[in-house]
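Here are a few notes to help you find your way around this one. Have the viewer open as you read.

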Amino acid sequence: MVKKIIIFLLIVIALVVITMLNKSNNKKVKKANNRKTNTIKNEKKTPVKDVALVEERTSSKKKEVEIDPMLKAILDTVAPISVSFDQNSFRFGDKIVRAYAITQYTPHPKFGWLADIMGIPNTIVSTLYTPTSNADLMQALAKTLNVMRGTAESTRNYIEQQRVEQGIENAEETIKRLDRTGESVGRFSCIVLAFGTSKEEFQKSCSRVESKISALNLRVKILSNLQKEGFMSAFPTYTPQADVLRCSEKIITQSAMEFGMPIASSAFSDDTGCHFAEDTNGNMIILDMWKRIGDRTNSNFTVMGMPGKGKSFSVKSILLGEWMRGTRIYIIDPEREYVQMVEDEMEGEVLKVGANSKGSMINPLQIRTVSSSSKDEKNPDEEDTANLASHLKTVETFFDLYLEDITASQKALLKDMTIKAYAKYGITFESDIYHLTNNDYPVMKDIYDLIEFEITKLDMKKKRGENVSTVEYNDYVQLRGLMKDIAVGGDSFIWNGETTIHSDSKVVALDTSGFAEGNEKLKKIQYFNVLTWVWEQASQNREERCIIVADEAYMMIDQRVPTALIHMRNMAKRGRKYNVSIMTISHSVVDFLAPAIKQYGQELIGTSCYKMFFGCEGQNLLELSNLYDLKEAERDFLLGAEQGYALAQFGSKRVIVHFKVGDYKKRRISGGGEGVETKKKNTSNRDNVVWQSVNA
Ligand SMILES: Nc1ncnc2c1ncn2[C@@H]1O[C@H](COP(=O)(O)OP(=O)(O)O)[C@@H](O)[C@H]1O
Ligand SMILES: [Mg+2]
């Protein structure tokens, strides 16, 4: 009880002391106000130390006391000496002020436009954004369009007509864009107060506001007869004024607004997607690679740069993000760089292809969906077809690559035998192959057996004394010799057999490291074979997003027979329709631009909407620079770019980025390929440190 009384008394005493202190402070502030200097946002003045003369109660002497300038500015704004309003300006203490509203926005705002407005000296800028639904906007726009069309027809004033026509064009474009992209929109209002202490300063400030805003292609208007409402709209407590909003509120896209903000990343960012990298200021860049907006019309990536600069590493980082979003992923991994990440982090599957008897088999004779290039150009929307006729071309290419010494007449015989082999399985040019399974197709040995059968027949004819063409006989015999390796000999484990490759995993790495060691020609055929399988998997479900990564993509290029490259190019072209993204990773663009294959190579690496260029030099840099029209500063950057830094391009926008990943993520994506080496290096470094500290 006694304790409670003591606490109560303490509280009472504290309250009395606080009240007394407040009273004396109020007096000081009031006096300070009498000698005011206003500090309003953006004021262009060298900061003068605020000094107030305060009469001390105890002495009659005047003494200088410093007042926090921030506090003073707030006090001046909340309780100015005097405020009086005219039609087009108002007085606020010792300032003359004019309230403006922005009444028209451009559909293509300049990056950071709002920041530019907010940076105009001697102004206060106030903005309000209210999200609305797209449907409302479309309706409102359609109404406005009608009114404008009416005005355009009736007006005789040339300038007015021009303005209205421009307005119609903008509105139409906005409607189209919103319809296409489904972008978020909102009502946006921007009030600008321009001020000056003298008449001259005020005039200067006003003309600066008018010219700067016009230069941004926006329209600015004095809030005539609405100065008070304008002032209240820009007041720190912000009270929306219906009269002001009526003329200032305009509908703009959310991206246009964010795009203008001073806090917007100076580089690039989407509002959805995954963490991509950082820009040079350390701002996070978010990328939604599936977004179709503006000039981002596909989801393909081209990644180029010298070995060890971080190409695979950055792609792994992107893949990890996409995997978390549920994207299906196929990786052609010739250096086993992705194996660890796929197995340990993504719960995916690694399939070894074409290496030995344990590897998965892809039967080259199995008919697959391969989009032909000529069809593509004529009608890119046409469905991919899979039939014997189109597949025969693929098989012919396969034999061309494989059987270098084959003559024209032998080729014709081989084609004949191939068709017969399909016929044996009931597959003709008219067959619908969609219901067929892996074991419904002939294998290489079937062709070989047919050749042998023909030879036996001819032998028997000979025995019977019938006439047999020596040329034909020799052709068959030679053909059998050529086909032996594929069908029953040393390479038969790669080519002869039903397709056994299979995976339902969301993430599949195709370990192609065992592709015919030392035989460049075979590698390319195998690459092509794998590509056709991957494309068939990826294009099965159009709704599902899928990424196909081709690392060390130069491996598939064959200048004489660019079949694999053409197929890659076609995949990249058609990917958009199937929600498929093709990521082409290689060390040099030069490989893709050799005269014989340039028409395909350039298209493959040139048309991807996303590009990442890592450090490079010499001829490679030169070609890169020519192909993408790099600026001098960009070339300099690439010449000296450190590991993990790249010149990234999103649509037509270029930004220098840093693939900076946290340790947690680095652990997940390092490993495999060169990463293993780095890991080893790091371990030995750590050993060194321990050793040193022991000695110390
Ligand atoms: N952004 C990065 N941050 C940290 N380490 C990196 C980064 N980029 C690359 N590295 C390291 O360098 C190694 C080689 O990079 P990698 O992506 O394999 O090069 P590339 O594919 O260009 O030949 C990686 O294993 C990784 O350890
Ligand atoms: Mg690599």
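1. A word on terms before we start: contact here means heavy atoms within 4.5 Å. With that in mind, look at helix H19 (residues 563-578), which lies across strand E16 (546-550) and strand E17 (580-586) and runs at about 145° to E17. Keep in mind that this is a predicted model.

2. Helix H20 (residues 598-606) is worth finding next. Its strands are E12 (301-304), E17 and E18 (610-614): H20 lies across them, at about 105° to E12.

3. Now for the sheet itself. It is an open one, built from 11 strands with mixed pairing, and the order reads E11-E10-E20-E19-E18-E12-E17-E16-E13-E15-E14. At the edges stand E11 (284-287) and E14 (349-352); each has a single partner strand, so one side of each is left without a neighbour in the sheet. On average, neighbouring strands are turned by 25° against each other, direction ignored.

4. For a single pair, zoom in on E19 (residues 645-650) and E20 (residues 653-658), which are antiparallel and share 6 bridges. Phe650 sits opposite Lys653 of E20.

5. Which residues have the most contacts inside the largest nonpolar core? They are Leu510, Met556, Phe592 and Leu638, in a core of 52 residues. Helix H18 (residues 520-538) gives the most to this core, with 8 residues.

6. Try selecting Leu510. Setting aside neighbours within four places in sequence, Leu510 is in contact with residues including Ile331, Ile332, Leu351, Trp533 and Val534. Another core, of 39 residues, lies apart from the largest one; Leu388, Ile433, Ala487 and Leu522 are among its members.

Methods. Residues numbered from 1 in each chain as written. Chains lettered and ligands numbered in written order. Predicted model: local features only at pLDDT ≥ 70, side-chain atom pairs only at ≥ 80, totals over all residues. Heavy atoms only, no water. Pairing = 2+ DSSP bridges. Helix = DSSP H or I, 4+ residues; strand = E, 2+ residues; numbered from the N terminus. Axes fitted to C-alpha atoms, helices over the stretch in contact; angles between N-to-C directions. Core = buried A, V, L, I, M, F, W, Y, C linked by side-chain atoms within 4.5 Å. Buried < 20%, exposed > 50% of the residue type's maximum accessible area, 1.4 Å probe, protein only.
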